[in-house]
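User: I am new to reading protein models and would like to learn how to read the features of one, step by step. Could you take me through this one?

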2 protein chains.
Amino acid sequence: MEKAVLITIGDEILSGNTIDTNSNFIASELKNIGIKVTQIFTISDEIETIKKTLKTAFESGDLVITTGGLGPTRDDKTKKALAEFFNDEIALDEVTFNHLKAYMEKRGRQDILERNKEQAFVPTKSVVFQNHFGTAPCMMMEQNGKLSFSLPGVPYEVKPLIKDQIIPYLQEKFNLNFIHTRIVSVVGIPESILADTIENWELALPENIALSYLPVGTRVKLRLTASGDNEEMLKLQAENEIQKLLPLVEGHVIAVSEDKIETILAEILTERKLTISTAESCTGGELAKMITSVSGSSKYFLGGMVAYATDKKIKILNVSKDTVEKFTVVSEQVAQEMAKGCQQLFDTHISLSTTGVAGPGKGEDGKEVGTVFYTIRVNNQEVTSKLYMPHLERVDFMNFVSQKVIQDLVGLLVNS
Amino acid sequence: MEKAVLITIGDEILSGNTIDTNSNFIASELKNIGIKVTQIFTISDEIETIKKTLKTAFESGDLVITTGGLGPTRDDKTKKALAEFFNDEIALDEVTFNHLKAYMEKRGRQDILERNKEQAFVPTKSVVFQNHFGTAPCMMMEQNGKLSFSLPGVPYEVKPLIKDQIIPYLQEKFNLNFIHTRIVSVVGIPESILADTIENWELALPENIALSYLPVGTRVKLRLTASGDNEEMLKLQAENEIQKLLPLVEGHVIAVSEDKIETILAEILTERKLTISTAESCTGGELAKMITSVSGSSKYFLGGMVAYATDKKIKILNVSKDTVEKFTVVSEQVAQEMAKGCQQLFDTHISLSTTGVAGPGKGEDGKEVGTVFYTIRVNNQEVTSKLYMPHLERVDFMNFVSQKVIQDLVGLLVNS
């Protein structure tokens, strides 16, 4: 298997100002064509550091991909480091300049063409992959059969460059093994017990199948990665192992293919032609967002309500004022009435509701931070549960609760 | 300034399955106490690789923090590598075991205590920081005045360990410089023009103040980082530089302190006692989620509606059926009516609406993917804008549009 090393260049990552999402995307795309990322370096924008890291990276990787350090401002030094590392010089590339010119013209920004002209300067030995969504081109260098690609750092520019240009190039260039991945989602068993339960199965896995444990909230994803030169064989082999695994964890498996819980939900709702709506308080829109982040969700997600203020819960979702007064707004009863009102408002088979205190301040009725009640209503049946997650930060709390609600719904639907 | 190196251990990052958010959090917390992260290594869970990376890390850092590789399953090898690297042995630590026992008891999970017992085995020379939100303890090792901390990989466990235990420890241990950061948010000037415009100012900055350009969507954040031993002086110095900067970018600055656009909005709305609501289509809840992710947002955010289905837009938001038929659902007119209906439904000063096609499939009326209309309504005035972002993936699109809507609103409020 070809090995890749990623280098993320930029002080904005080291300072904690920006999360590096590029590495994640690139690693995942490479994995799909059977290239394994063995190491990721995140370094600062200094010529010597970049050169030194390129050297280390080429010692272990056949392929090095750098992101960042190619913008038009003064703190970008990647191109210089690249030229020095490969004993090359930087010169204006006419094709790249014409591309840049066309790019600027299309956006009515010819006025800044001169100022951005240096973006068309590249190492003379480089092969340029033009950037259709930004001004910094991607440069490929080759030496002793090893490749480096240098990309800008903006994720919106990285994604199409990788997906549409670099991946197809690599597929043709290398003669790659096939990779087949399956993910089995297990709920209701702690990781350590799960490991014990399936130990013998795991030890007996064929050598070309690797297993990883990926805990996500209260769910554990078991990932099987099979590699080999016969795609059909790989699929059969993986399916075979999964069939051996399933009886060991009976009643705890919520999916055997898809990865994200919202995608698993999408499959079930689409197949069964069910519609869904949401009524959120403490999750503040995250639950709706998670559901709608799946392409095609408009087929089953009819709408959602973020009823933050109590009087909106009463007015729009038909929550009774008495219930609020008697049980407080963060209560089982209010969650139930929200779900019921939501189902009626949007006229859906399923409705989900959340009410709780995301913190860090206490709720208006003094309920403790981290408490949440949520109701899952399917036709005329409903289940209400309570979670208490005081240690989560606000955004993590919103995310964790939304994941858990969808996961519970999937569990309900799968077992009904 | 003390230098830190972070090591992220785990194949789930290298495989692109999980985004490394720990490094971001740790780097940002360390920066606040004046410790600079100079490098981040992401490596696989192999003893030799971990040892080799520890060696490299200690060559440049005074402080090394590792995350990951401490779970109860078989693919975790960090502890072994740690003991070998520091010429130490692993033994049961009674205090840690008692902590683990209490942790399990509190959760009614004494049944799995034995199975998790090995989590209480630590290198004998280590100082243990107990983990209150998980079973793997944090271990500190010291050698030649340099420190290493090894933490589990779960973000919910990392955050409190860093914030409540490690940061206070480091503050006391080292005699640290003060760091003062200011962020000036600039809109409406491309990065390259901005760089030209403020070049002379940038070149004249004092040596102890560093400037970074951080582009986020269509906004550029200028970050000034000042370091020194007198906190008051630093603040004055930074303020002084910002006062020199402001006239150079007049009319383009939307904030001079806060970082995130939703936090900037929070300050303005709180100060002016304005309330807000949202009516979303293509952003699917992301806009509401972004606004509610700020602590205290329940004071100004009264509610939101995700009206995915067209008939819900008509029924709940009072969008006229004729308007939809005449102009299609993705139109300026529908965005306007959604904002108006939303303002009435939630009775707020401000309402925001979005309608568009997030893709990748075409919208029901054949509108092109990436098209979105959004209306910002403040009292009786409204502004409707169009965006066309065909190159963004679904989730990025939802996020970009939401950022842009809030940014435009802030721009409107600041300049009114």
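What follows is a conversation that takes up domains, chain contacts, salt bridges, buried residues and a surface patch in turn.

User: What should I know before I begin?

Analyst: This is a predicted model, in which local features need pLDDT of at least 70 and side-chain atom pairs count only at pLDDT 80 or more, while totals for chains, interfaces and linings use all residues. Residues are numbered from 1 along each chain as its sequence is written, chains are lettered from A and ligands numbered from 1 in the order in which they are written, and side-chain values use heavy atoms, with hydrogens and water left out.

User: Which domains does the assignment give for chain A?

Analyst: Domain bounds come from an automatic or database domain assignment. For chain A the assignment gives domain 1 (3-173), domain 2 (178-255) and domain 3 (261-414). The centres of domain 2 of chain A and domain 3 of chain A, taken over C-alpha atoms, are separated by 31 Å.

User: How do I read the contact between domain 2 of chain A and domain 3 of chain A?

Analyst: Contact means heavy atoms within 4.5 Å, and buried area is the accessible area (1.4 Å probe) that two parts lose on being put together, summed over both. Here nine residues of domain 2 of chain A are in contact with nine residues of domain 3 of chain A, and the two domains bury about 650 Å² between them, 64% of it on carbon and sulfur atoms. Of the area that domain 2 of chain A buries against domain 3 of chain A, 66% is supplied by T218(A), R219(A) and I254(A), more than any other three residues.

User: How many residues do chain A and chain B bring to their contact, and how many salt bridges are counted between them?

Analyst: The contact takes 90 residues from chain A and 90 residues from chain B, and the two chains bury about 7400 Å² between them, with 56% of it on carbon and sulfur atoms. A salt bridge is a side-chain nitrogen of Lys or Arg within 4 Å of a carboxyl oxygen of Asp or Glu. The count between chain A and chain B is seven, whereas between domain 2 of chain A and domain 3 of chain A it is zero. One salt bridge joins the side chains of D396(A) and K159(B), at 2.6 Å from N to O.

User: Which parts of chain A does the salt bridge of R182(A) and E239(A) tie together?

Analyst: Over all chains, a search of the whole structure finds 25 salt bridges. For helices and strands, the rule is that helices (H or I, at least four residues) and strands (E, at least two) are DSSP runs, numbered from the N terminus. In the salt bridge between R182(A) and E239(A), the closest N and O atoms are 2.9 Å apart. Because R182(A) lies in strand β9 (residues 178-187) of chain A and E239(A) in helix α10 (residues 231-245) of chain A, the pair ties together parts that are 57 residues apart in sequence. By contrast, D408(A) and K404(A), whose side chains meet in a salt bridge at 2.9 Å from N to O, both lie in helix α16 (residues 394-414) of chain A, four residues apart, about one turn of the helix. Salt bridges that share partners also join E393(A), D396(A), K159(B) and K163(B) into one network.

User: Is I26(B) buried or exposed, and what does it touch?

Analyst: Buried means under 20% relative accessible area, exposed over 50%, and partly exposed in between (1.4 Å probe, protein chains only). I26(B), in helix α2 (residues 22-32) of chain B, is buried, with a relative accessible area of 2%. Not counting residues up to four places away in sequence, I26(B) touches L6(B), I65(B), T67(B), V158(B) and I162(B). Of these, I65(B) is 39 residues from I26(B) in sequence and 8.8 Å away in space, C-alpha to C-alpha.

User: Where is C138(B) placed, and is it buried or exposed?

Analyst: C138(B) has its place in strand β7 (residues 138-143) of chain B and counts as buried, at 0% relative accessibility. Leaving aside neighbours within four places in sequence, its contacts include V127(B), F149(B) and L161(B).
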